[in-house]
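Hi there,

Here is the structure I promised to pass on to you. Have a look through it first, and my notes follow underneath.

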Amino acid sequence: MSNAAILHEANEFVKQGKYEKFLAYCTEDTTWIFVGEQILNGKDEVRKYMNEFYLEPPIFTVDRTVEDGNFVIVTGQITLKDKAGNYNHYDYCDVWQFSNGKMAGVKAYVIEKKS
């Protein structure tokens, strides 16, 4: 299976709110970098983030996927529900790095859509 296919398969679990199944696709020491925001180191920090910010499963679409060796770049839109019950909309570009068929890290560029 290609790295892009692995990423898309894992993301189906995020859409269903099955975050532990998604995390099974990540390395133990996965690193998530949200550019200009924060860095998450390891599955435990990612798990905590998902449980805190994904109050409902995020709604996202993928516009483009580009795979090059151990890297997969994905662009699209994502909608997240906040604690006040409001839906916030974002554009994103994720650069995923893979190691031995698992997601070892992501550098995420996320920009809120202003209305």
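Let me start with how the chain meets itself. Counting contacts in the protein between residues at least 6 apart in sequence, 42% join residues at least 24 apart. Please keep in mind that this is a predicted model.

**Overall build**

The protein has three helices and six strands. Reading from the N terminus, the order of elements is α-α-β-β-α-β-β-β-β. The C-alpha trace spans about 40 × 30 × 25 Å along its principal axes. For 115 residues, a compact globule would have a radius of gyration near 13 Å, and the protein agrees with that because its own value is 13 Å.

**Surface and charge**

Of the 115 residues, 37% count as buried. The accessible surface comes to about 6,900 Å², and carbon and sulfur atoms account for 50% of that area. On the charge side, there are 13 positive and 17 negative charges, and the mean positions of these two sets are 3 Å apart.

**The β3-β4 hairpin**

If you are scrolling through the strands, stop at β3 and β4. Strand β3 covers residues 59-68 and strand β4 covers residues 71-81; the two run antiparallel and are joined by nine bridges. One pairing to look up is Glu-67, whose bridge partner in β4 is Val-72. Together β3 and β4 make a hairpin with two residues between them. In that turn, Gly-69 has a positive phi of about 60°.

**The loop between β5 and β6**

Further along the chain, β5 (87-99) and β6 (102-112) are linked by a loop that holds Asn-100. This residue is not a glycine, yet Asn-100 has a positive phi of about 50°. Is Asn-100 buried or exposed? Its relative accessibility is 81%, and exposed means over 50%, so Asn-100 counts as exposed.

**After the last strand**

Lys-114 sits in the segment that follows β6. With a relative accessible area of 71%, Lys-114 is exposed too. Which residue can you use to place Lys-114 in the fold? Try Asn-88: the two are 26 residues apart along the chain, and their C-alpha atoms are separated by 9.1 Å. Asn-88 falls within the 87-99 range of β5, so you can find both ends of that distance from the strand numbering.

Happy to go through any of this with you over coffee.

Best wishes

How values were computed
Residues numbered from 1 in each chain as written. Predicted model: local features only at pLDDT ≥ 70, side-chain atom pairs only at ≥ 80, totals over all residues. Heavy atoms only, no water. Pairing = 2+ DSSP bridges. Helix = DSSP H or I, 4+ residues; strand = E, 2+ residues; numbered from the N terminus. Rg over C-alpha atoms; globule rule 2.2 N^0.38 Å. Buried < 20%, exposed > 50% of the residue type's maximum accessible area, 1.4 Å probe, protein only. Contact = heavy atoms within 4.5 Å. Areas by Shrake-Rupley, 256 points an atom, 1.4 Å probe, with all protein chains shown as cover. Lys, Arg positive; Asp, Glu negative; His and termini not counted. Charge placed at Lys NZ, Arg CZ, Asp CG, Glu CD.
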